[in-house]
Amino acid sequence: MGGLRAPILSPTGAGLFFERDGALSWADGLLVPPDGAGEPMADVLLIPGLVDAHVHLPQYRVRGRFQEALLPWLREHIWPEEARFGERAYREGVTSEFRDGLIAAGTTAALVYGAPSADTAHAVLRDLAPLCIRGGDVLMDRNSPEDLLRDTEDALETSRQHAEGYGERYVLTPRFAPTCSPRLMAGCGSILAVRDVGLQTHLAENLDEVAWVAELHPDRRSYTDVYAHFGLLGPRSVFGHCIHLDDQDLQQLADSGSWVAHCPTSNIALGSGRMPLERHLAAGVNVALATDVGAGPDLSMLDVMRSFLEVHEGAAEVSPGQALRLATLAGARAMGEGSQRGVLLPGRAADVVAVRIPGGVGRGESGEAALRRALFAFEGRYEEAIAGVWVAGERLR
Ligand SMILES: [Zn+2]
């Protein structure tokens with residue numbers, strides 16, 4: 001049992017809900033109709049727990065440290081760090097820091113990439129509790145350093161075992177088309193077709209990467225078409241970035257119900273360019289927000305929301321309410337948790353974040369205006385913006 005009293009801003013199925021004299025109550029980890037008996041909190045706005053739809057656990061210690069283009073960044077900095085993550089002691093240290101980092105950032109649910117070794121799936125799916133996590137170990141079997149290459153059949157067999165053991169929380173994670181053989185991608189497609197699991201990968205982040213895929217798959221119309229060919233598109237699939245796509249690609253993503261994990265802070269860090277959000281939305285593509293740590297500089301989804309408002313200003317119609325929706329309900333839907341979280345309504349998980357609003361929500365001020373003020377007031381010091389974090393009604397911060 002528990003509860004809170006403070007202004008509430010939350011997405012609903014179709015819109016946005018703001019209540020200045022808001023109240024939340026919960027029992028057994030779930031929100032219940034408010035009884036008004038909760039603890040009052042001053043100068044905050046209650047929002048649903050933040051959801052990160054694309055984040056790399058093994059890259060946490062090298063986050064935001066290198067500003068190069070995608071492919072050299074991967075080869076020179078990321079792959080060596082992911083190889084270190086294969087060592088147990090190192091992995092345990094990073095995993096515990098990552099978990100603390102998510103909580104400090106107000107992120108209560110995430111879709112997480114492990115590293116290219118099978119047991120990293122346990123770090124992702126077991127060691128980040130009580131946060132709501134889905135994800136898996138990274139699959140790659142070509143065009144990568146020897147120590148990160150996985151045996152194709154062995155990787156697919158382990159994935160089947162993880163899918164058996166973790167059920168729908170396991171997410172097939174082929175890194176991206178350049179490092180995955182046709183056999184590996186086809187194997188992922190077959191697992192996806194018969195198992196209730198998700199899939200996550202990267203798509204069209206950078207032009208050199210797009211050119212590389214065209215070279216590797218001259219018989220396919222486009223990068224998106226490579227994934228489509230292997231049966232990897234669908235409502236349980238989440239594609240990171242999706243910056244350089246044509247209309248046909250966007251239509252394919254929309255028609256299949258696939259998700260795009262949009263990572264504006266990461267795109268700035270690696271100079272990947274602006275994802276043309278207005279085209280994605282016009283085509284009806286599902287979009288959620290994400291940090292993409294370690295290319296993204298930190299785990300703050302508030303920072304991602306601020307960046308989202310900044311980069312699309314003048315090009316696409318964006319609002320703080322939409323940023324909040326993409327960082328909560330949309331992320332929950334992308335990861336397959338949409339019926340359980342992402343909204344502050346009775347019946348959903350009591351995952352709640354109290355965002356500090358300097359001076360409190362003003363008289364006559366809308367929830368959206370207060371949220372915008374908070375996002376821009378705390379630039380660079382986002383941990384200060386989080387006044388409280390609850391997961392299933394348990395206070396973690
Ligand atoms: Zn990524």
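In which sense do strand β9 and β10 pair, and over how many bridges? In this predicted model, β9 covers residues 107-113 and pairs with β10 in the parallel sense. Five bridges hold the pairing. One position can be picked out by eye: Tyr113 stands opposite Gly136, a residue of β10.

The two strands belong to an open sheet of three strands. The order is β8-β9-β10, and the pairing is parallel. Strands β8 (50-56) and β10 (132-136) form the edges. Each of these edge strands pairs on one side only. Neighbouring strands of the sheet are turned against each other by 15 degrees on average, direction ignored. Strands of a sheet pair through backbone hydrogen bonds, and the pairing may be parallel or antiparallel.

Two helices lie across strands of this sheet. Helix α2, residues 88-105, lies across β8, β9 and β10. The direction of α2 is at about 135 degrees to β9. Helix α11, residues 301-312, lies across β8 and β9. Here the angle is given against β8, and α11 runs at about 90 degrees to that strand.

Arg88 is a residue of helix α2. Is Arg88 buried or exposed? The relative accessible area of Arg88 is 61%. The cut-off for exposed is over 50%, so Arg88 counts as exposed. Arg88 and Thr120 are 32 residues apart along the chain. In space, their C-alpha atoms are separated by 9.2 Å.

Helix α11 also packs against helix α14, residues 367-377. The axes of α11 and α14 are 9 Å apart, and the packing angle is about 105 degrees. Angles of 65 to 115 degrees count as roughly perpendicular. The two helices α11 and α14 are therefore roughly perpendicular to each other. On the α11 side, the contact involves Leu302, Met305, Arg306, Leu309 and Glu310. These meet Leu371, Arg372, Leu375 and Phe376 of α14. Sorted by class, the contact of α11 with α14 has six nonpolar and three charged residues, and no polar ones.

A second helix pair shows another arrangement. Helix α4 spans residues 152-166, and helix α5 spans residues 182-194. Their axes come within 10 Å and cross at roughly 20 degrees. Angles under 35 degrees count as roughly parallel. It follows that α4 and α5 are roughly parallel to each other. The crossing of α4 past α5 is right-handed. Helix α4 contributes Thr152, Glu153, Leu156, Ser159 and Arg160 to the contact. Helix α5 contributes Arg183, Leu184, Gly187, Cys188 and Ile191. By class, the contact of α4 with α5 has four nonpolar, three polar and three charged residues.

Antiparallel pairing is found between strands β2 and β3. Strand β2 takes in residues 8-11, and β3 takes in residues 16-19. Four bridges join the two. Leu9 stands opposite Phe18 in β3. Together, β2 and β3 form a hairpin, with four residues between them.

The backbone has some further features in its loops. Two cis peptide bonds can be described. The bond from Ala129 to Pro130 is cis, with omega near 10 degrees. Pro130 sits in the loop between α3 (120-125) and β10. The bond from Val293 to Gly294 is also cis, and its omega is near 5 degrees. Gly294 belongs to the loop between β16 (286-289) and α11.

Positive phi values occur at two alanines. Ala204 has a phi of about 50 degrees, although this residue is not a glycine. The loop that holds Ala204 lies between β13 (198-203) and α6 (207-216). Ala204 has a relative accessible area of 0%. Buried means under 20%, so Ala204 is buried. Ala392 has a positive phi too, near 50 degrees, and is likewise a residue other than glycine. Ala392 is placed in the loop between β18 (386-391) and β19 (394-395). The relative accessibility of Ala392 is 41%, so this residue counts as partly exposed.

Terms used:
Residues numbered from 1 in each chain as written. Predicted model: local features only at pLDDT ≥ 70, side-chain atom pairs only at ≥ 80, totals over all residues. Heavy atoms only, no water. Pairing = 2+ DSSP bridges. Axes fitted to C-alpha atoms, helices over the stretch in contact; angles between N-to-C directions. Contact = heavy atoms within 4.5 Å. Parallel < 35°, antiparallel > 145°, perpendicular 65-115°, else oblique. Left-handed = near helix turned anticlockwise from the far one by under 90°. Nonpolar A, V, L, I, M, F, W, Y, C, P; charged D, E, K, R; others polar. Buried < 20%, exposed > 50% of the residue type's maximum accessible area, 1.4 Å probe, protein only.
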